[in-house]
Every structure is written in structure tokens, then in C-alpha cells.
Amino acid sequence: VVIKSNKSLALDFTMKDLTIYVHVPFCNSKCHFCTYVAHIDTKDLVKRQDRYQSYVDALLQQIRFYMPRLVDKGYALRSNYFGGGTPTSFSSEQLVSILSTIREYIPLSVNYTDTTLETTPENIANQDFDVLLKGGFDRVSMGVQSMLDDRLKSLGRCHTNGLVENAVNTFHSSGINNVNIDLMVGLPSESEAEVAESLGRALGLGINHFTIYTYMPVIGTVMQKQLKTGYVTEELEDRHSYVRETMSNAGYNEYMYQYYSNDNTRCICDEVYFGLTNEWMGFGADCNSLIGQKVLIAPNHFQKFIDNPLKPRFVAPSARFVPFLDKHFYRMLISETGVMFDRMERLLGVTMEEALSLSEYISVWYNYLTMNDYLHRDEERLFFPTTEARTHFGCKRVELAYDIRAKEAFFDQYKQSA
């Protein structure tokens, strides 16, 4: 595969910043809610230590093939993210070998921020975080979801509240102080008292960053199959107002929808995806890349990736790959800046008007949000004028995910509206 960069973009300094994502498609268990592994059979996800080194070797082969070509185009590393799955399924030595191979080829950008490692509380005892920090991992993001043991069991998680506390102590004692944990709200049969207790315990951990996102049912997951009722938008808006107020009172600012920081640190990789601030390259199975206005998607099964790590499953111009446009329209809308028209054109190769004509998803949400005055537009961007308007959009999406017929009626109504 030859990666071509649009020459007109090569003059723009921001286009030379590159985010690198490394995907590890293995876990300790298959969580009942997880979107990212819903399509993966449990036998291919859990306890596949027999394939770990083969997968690492395939990653290294892919990195060594693509990195010189990217560097020749003038890219420099802005941020790095190891996600999954659970990257800490691998040993500390394997993780450092992957990161050091990336660093062998690409210089750090003057805008370099951090290298994030996703983990789970039950994996911590198997890792040497002193080695990881020395090897270049300077930020940790830990999937926690709830600080209540009963809720964790219902989610299919195999950790406890005590393991979360031990993990944070381990990070801090090793010198990793840039720590995020993921929590969830809007869970089935959830009470405000449960949210209050979980948030209270989490705030007692003394970390600098939280991602507190809304549960959305995904077809094929255990939790989706067990659901009997869902939430309406107003209920979810009330929940988010409570979370936002609680976090603000504790000194945390919501700098992006559902992202909270108390020291101005940010999740740069997610800001890249949501705000389209620069291009990215994904290494590993079932991940995507955006390079030179082209989308590359890797094989979705780890064995197919191991067998041929240099062959993408799919390559297309980003301007004509509608599912990709849909995903990033949503992400841009809830970003700090909103949908920036110049970024759409430079990175995706599409204007706002072209996107509206190409995508039913984009046109429906545009019609709904503008007709009801949730979304504003000026010469530079689409944006939500208030935090409440942005929250409404996020919660409305979740409400429709609970009721397919209501979603179909919603789309029928607003795709015909001008």
C-alpha cells in the first residue's frame, strides 16, 4: 500500500503532526456492555496468550514498514495511544518493545503531549510501571465504569473497588501522575444515590482526569439483550447536570463533552479524533487510519492481521466513505470547537454542504438540531451555543438507541425537513 499525501496539505504545519494508535485486541473477560468487542467471539478475546507474541511480531513488522514512509512525508509524533481490548494483557517488556520501535523511526513533534496506556485494575499486579514509565508511557487510562462492587458484577467486570484504589496508588508511586479513569452513568436501573456514591468514591482517588460517559445499548452485547426499558432524553440530561455540578464542585472542568480535568491536562488522542486537529495512523487489527484524506481499515480479526499485517482490509477516500463521515460529524459536534469547516476540508476532503448531501445521518441531525435552535452556524463552524444544548444532543442519541422504531420515525421526520 502506497500512502500518498495531498501536496497542498504538506505546507500546513498542523498536518505534519501525527497521532499513533496501537490496538491490542485481547482482554481478561468480555464485558457485558462493551461496544468495541461486541463483534468478537469470547474465545478469540480472552486467554489467548498463545497468540500474544505472534501479534506483537506482526505489529513490529507493520510499524517497520509504514513508519519510514510516514517520516519521509514529514510527520512527527504528537501523541501516542495504546488501546484495546486491554493493552496490559501484554507484558511490560512487550509493550515497551512496541513503543521503542515506533520511537526509533519518528521524531517527537514540538507539540508532543503524551503516550497513554489503557489498562484495567486487575492487570496492575502483572505490570512493572517503573519500567513502563522509563520506556515512555507517561499517561494511564483505566477502565473502571463503577466504584460499586455490585454494579461491577452486573457489568461483567472482574475487578473490585479495592483493586481500583490499589491501582491508583501503584501509578502514583511509580511516578505516573497523569491518570484518567472511565466511569459510566445511565446504567440500567441506576439511581441518583448510586451515581453519587460511585462519584464520591472516585473523587477520593486523587486523580487529575475523568471520562464519565453515558451507557448506550449496543446490539449483540449481554446488557442490550437483557434490557426491558430505557431512558428518555430528559432523564439523561438531569443525570448529566448532576454529574457536571458534582465534578465542578470538586474542581473539575468539563473541557469536552463527558471529559473532566482538574489541572488542564487533556486526553489529546481523543481531542484529535473528535476535533480533527491532525491525522492519525493505527497499528494492529481492527483499527483505522486517516492519512492524506484516505481511510485505511485493518483486518478485523487478530489472526488475519497476524497472517498479513501489511494489507489493509479497506482503503477509501475519506470524502466518500460515509460511515466514517458520520462518525466524525458526531465527534466534531461534541468537541470543544464544534464542526470546523476548514478541518473537514483539509483532513476529510469534504465541505459541509457535500457532507449534508452524502449522508442521511448528518442531514437528519443537522435538520433536527438547527430547526430546534440547539445548533448554531457561522462562517467557520457548526457549534452548540450552550453546554445544555450539547448535552441534549448526546442524550437524544442514547434515547433513540433504546427504541429502534422511535429512531426510524425520527429519521423519517427530519430527513424530509429542510
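## Report on the predicted protein chain

Of the 418 residues in the protein chain, 57% are buried. The model described here is predicted. Its chain contains 17 helices and 15 strands. Among the contacts with a separation of 6 or more, 74% join residues 24 or more positions apart. The accessible surface amounts to about 17600 Å², and carbon and sulfur atoms contribute 48% of this area.

### Helix H2

Helix H2 spans residues 52-72 and comprises 21 residues. From its first C-alpha to its last, H2 reaches 31 Å, which is close to the 30 Å expected at 1.5 Å a residue. The helix has a kink of about 25 degrees at Tyr-66, and the proline Pro-68 follows shortly after. Just after H2, Gly-74 adopts a positive phi of about 95 degrees.

Several residues of H2 are buried, including Tyr-52, Tyr-55, Val-56, Leu-59, Ile-63, Tyr-66 and Leu-70. An α-helix has 3.6 residues a turn, so residues three or four places apart point the same way. The elements in the table are among those that cover the buried residues of H2.

| Element | Residues |
|---|---|
| Strand S1 | 17-24 |
| Helix H3 | 92-105 |
| Strand S9 | 279-283 |
| Strand S10 | 288-291 |
| Strand S11 | 294-297 |
| Helix H11 | 302-307 |

### Strand S9

Strand S9, one of the elements covering H2, is largely enclosed by the rest of the structure, because five of its five residues are buried. In a regular strand the side chains alternate between the two faces of the sheet. In S9, Glu-279, Met-281 and Phe-283 point one way, whereas Trp-280 and Gly-282 point the other way. The residues on both sides are buried.

Strand S1 also contributes to the cover of H2. S1 and S9 pair with each other in the parallel sense, over five bridges. Within S9, Glu-279 is the bridge partner of Leu-18.

### His-159

A further site lies in a loop. His-159 is located between helix H5 (149-154) and helix H6 (161-174). This residue counts as buried because its relative accessibility is 4%, and the cut-off for a buried residue is under 20%. A polar atom of the His-159 side chain lies 3.5 Å from the backbone oxygen of Val-144. Val-144 also appears among the contacts of His-159 when neighbours within four places in sequence are left aside. The other residues in contact with His-159 on that basis are Pro-121, Glu-122, Gly-143, Ser-146, Leu-152 and Val-164.

Definitions and conventions:
Residues numbered from 1 in each chain as written. Predicted model: local features only at pLDDT ≥ 70, side-chain atom pairs only at ≥ 80, totals over all residues. Heavy atoms only, no water. Helix = DSSP H or I, 4+ residues; strand = E, 2+ residues; numbered from the N terminus. Expected span 1.5 Å × (residues − 1). Bend = angle between axes of the 7 residues up to and from the residue. Buried < 20%, exposed > 50% of the residue type's maximum accessible area, 1.4 Å probe, protein only. Contact = heavy atoms within 4.5 Å. Pairing = 2+ DSSP bridges. Areas by Shrake-Rupley, 256 points an atom, 1.4 Å probe, with all protein chains shown as cover. Polar contact = N/O pair within 3.5 Å; in protein donor to acceptor, adjacent residues only side chain to side chain.
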